[in-house]
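Work through the following exercises with the sequence and the model at hand. Each task is followed by a solution in steps.

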Amino acid sequence: VVSLTLFISNMGMDPINHTENESEAITPSEKPLPIPPLLEDKNPNPDEAEFHLTAQSSTSEFLPGQVTDTLGYNGSYLGPVIRVKKNEKVTVKVKNELAEATTVHWHGLEVDGERDGGPHTGILPGETWEPNFTINQPAATLWYHPHLLHKTGEQVYKGLAGLFYIDDEVSENMPIPKEYGVNDFPLVIQDKNLSSNGKVEYDLSMHDVMMGLQGNTVLVNGAINPYLEVPKGKVRLRLLNGSNARIYQFSLSNSQGFVQIASDGGFLEKPVEMSNIVLSSAERAEIIVDFSDYQLGERITLTDQVTGAKLMEFVVSTEAKETFNIPEKLTDIQKIDPSSAVRTREFVMQGMGPNVNINGKQMAMDRIDEHLNVHDTEIWEISNENSGMGGMMGGMAHPFHAHGVQFQILDRNGNPPPANETGWKDTILIYPDETVRVIATFNHKGIFMYHCHILEHEDAGMMGQFEVK
Ligand code: C2O
Ligand code: CU
Ligand code: CU
């Protein structure tokens with residue numbers, strides 16, 4: 001089994017981030033990591049939940065004293081964490097107070113097409129959209145963001161994104177850190193092109209059109225190089241790569257390892273020991289870091305190995321109140337039998353810049369590209385033919401994502417996936433010249449998107465629609 005890391009270093013030219021001018025990021029004084037609030041559930045019934053979300057425009061100060069226009073949900077940048085339980089009946093009232101249309105898509109949530117918040121579900125300025133759904137999937141760290149045709153990249157970049165947690169009996173009974181903001185922390189990692197006056201503008205250069213927008217500064221939960229005070233014990237970090245395009249390879253200083261316990265769609269069957277983790281745009285991972293060997297006051301750095309950029313620091317600040325023995329078995333994942341698949345469908349990611357496409361086609365709102373029958377199991381064979389100009393340019397990796405469903409990875413170029421990709425996935429990074437086979441059962445009806453999650457590629461048309469009937 002070739003590990004992802006090995007695969008990257010074997011590619012010759014780095015296939016994931018072609019950085020042309022990594023201008024020195026400005027280093028402002030450190031500030032504490034902002035922790036997004038948990039959104040209040042307005043429904044007192046324990047089996048039901050009602051959430052109110054308002055998309056609004058505002059301003060933020062990424063650099064001290066420098067104000068820039070941003071968008072946020074219920075605030076000036078990013079959004080609150082929506083936390084629901086399995087089997088709960090959920091209503092969300094989404095109000096659009098922006099000057100333009102938007103949508104809210106629940107990335108990773110298994111719901112019907114009309115509740116999925118894709119490009120067909122536009123919310124005009126001043127209007128409210130009120131989807132309701134019953135949560136019917138395992139505990140997971142999902143997220144939400146706009147999905148307006150040709151506008152997703154800009155709206156996410158300006159700040160519209162938030163996390164969506166699902167809990168179930170498995171997550172509630174598991175002896176792992178689960179106190180929000182105490183030993184269980186969200187880390188939303190995004191890059192921005194910050195100009196020296198602190199402005200964040202969505203102006204695409206030709207390079208951005210080709211590779212997706214890659215900024216000069218990385219923010220964690222909206223802050224540059226923040227610090228987080230952690231207990232001297234095990235800490236759970238829920239990582240979301242909320243960047244438009246950048247792929248990170250996260251690692252900790254002192255060669256501090258960690259254990260990955262969950263991927264996009266929920267817990268892995270077993271914890272996987274890691275020294276670093278690659279996440280492409282929209283991918284999530286839950287990891288447990290053990291800080292118990294450090295002295296109080298010691299600092300551990302989170303770094304992106306691709307660029308060498310320091311992202312944030314953990315400061316060991318308090319004695320741990322609890323100790324956790326992470327179980328050797330986390331959950332059961334019923335393997336979907338490939339012989340139960342009714343067919344194999346091919347998706348070829350190809351083209352460059354404005355011509356990026358899937359199967360030779362670019363997104364058209366009035367064209368359904370793939371027709372599926374509800375409850376069918378299918379194998380999707382996704383390949384990346386984007387090996388650059390005759391292979392001369394090293395090619396580009398594309399994160400493939402589909403709505404309303406969670407996949408299992410069968411193989412990467414015929415080889416079994418690495419251990420941390422053996423759970424549920426909704427976003428799968430496909431390397432140049434790679435073919436990845438995934439399998440899923442499509443239990444929800446409606447019209448859904450599949451696309452590259454490099455948002456500039458999605459907006460350029462590297463997206464198609466499948467209808468489940
Ligand atoms: Cu994260 Cu089509 O979306
Ligand atoms: Cu999605
Ligand atoms: Cu792409």
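A nonpolar core is a set of buried Ala, Val, Leu, Ile, Met, Phe, Trp, Tyr and Cys residues joined through C-beta atoms within 7 Å. Buried means that 20 or more other C-beta atoms lie within 10 Å of the residue's own, exposed means 12 or fewer, and partly exposed is in between, with C-beta atoms placed from the backbone.

This is a predicted model, in which local features need pLDDT of at least 70, side-chain atom pairs count only at pLDDT 80 or more, and totals for chains, interfaces and linings use all residues. Residues are numbered from 1 along each chain as its sequence is written, and chains are lettered from A and ligands numbered from 1 in the order in which they are written.

**Exercise 1. The core**

Find the residues of the largest nonpolar core that touch the most other members, and list the contacts of Phe 164.

Solution. The largest nonpolar core holds 115 residues. Those touching the most other members are Phe 164, Ile 189, Leu 239, Ile 261, Ile 287, Ile 382 and Ile 430. For contacts, the criterion is C-beta atoms, placed from the backbone, within 7 Å. With neighbours within four places in sequence left aside, Phe 164 contacts Ile 82, Trp 106, Leu 109, Leu 142, Trp 143 and Tyr 144.

**Exercise 2. A five-stranded sheet**

Give the strand order of the open sheet of five strands and state which strands stand at its edges.

Solution. Strands are DSSP runs (E, at least two residues) and helices are runs of H or I (at least four), numbered from the N terminus; two strands pair if DSSP finds at least two bridges between them. The order is β13-β21-β20-β15-β18, with mixed pairing. Because β13 (227–232) and β18 (277–279) each have a single partner strand, one side of each lacks a neighbour in the sheet. Inside the sheet, β20 (residues 299–304) and β21 (residues 310–319) are antiparallel, with five bridges. Thr 303 has Lys 310 in β21 as its bridge partner.

**Exercise 3. Strand β11 and its partners**

Determine which way the side chains of β11 point and describe its pairing with β10 and β12.

Solution. In a regular strand the side chains alternate between the two faces of the sheet. In β11 (residues 217–220), Thr 217 and Leu 219 point one way, Val 218 and Val 220 the other, and all are buried. Strand β10 (residues 184–192) runs antiparallel to β11, joined by four bridges, and Gln 190 stands opposite Leu 219. Strand β12 (residues 223–224) is also antiparallel to β11, over two bridges, with Val 220 opposite Ala 223. Two residues lie between the strands of the β11 and β12 hairpin, where Asn 221 takes a positive phi near 50°.

**Exercise 4. Loop residues**

Are Asn 254 and Met 365 buried or exposed?

Solution. Asn 254 lies in the loop between β15 (248–252) and β16 (258–263). Asn 254 has 11 other C-beta atoms within 10 Å and is therefore exposed. Its phi is positive, about 60°, although it is not a glycine. Met 365 sits in the loop between β23 (357–358) and β24 (370–372). Its 9 C-beta neighbours inside 10 Å make Met 365 exposed. With neighbours within four places in sequence left aside, Met 365 contacts Pro 119 and Leu 149.

Technical notes. Contact = placed C-beta atoms within 7 Å.
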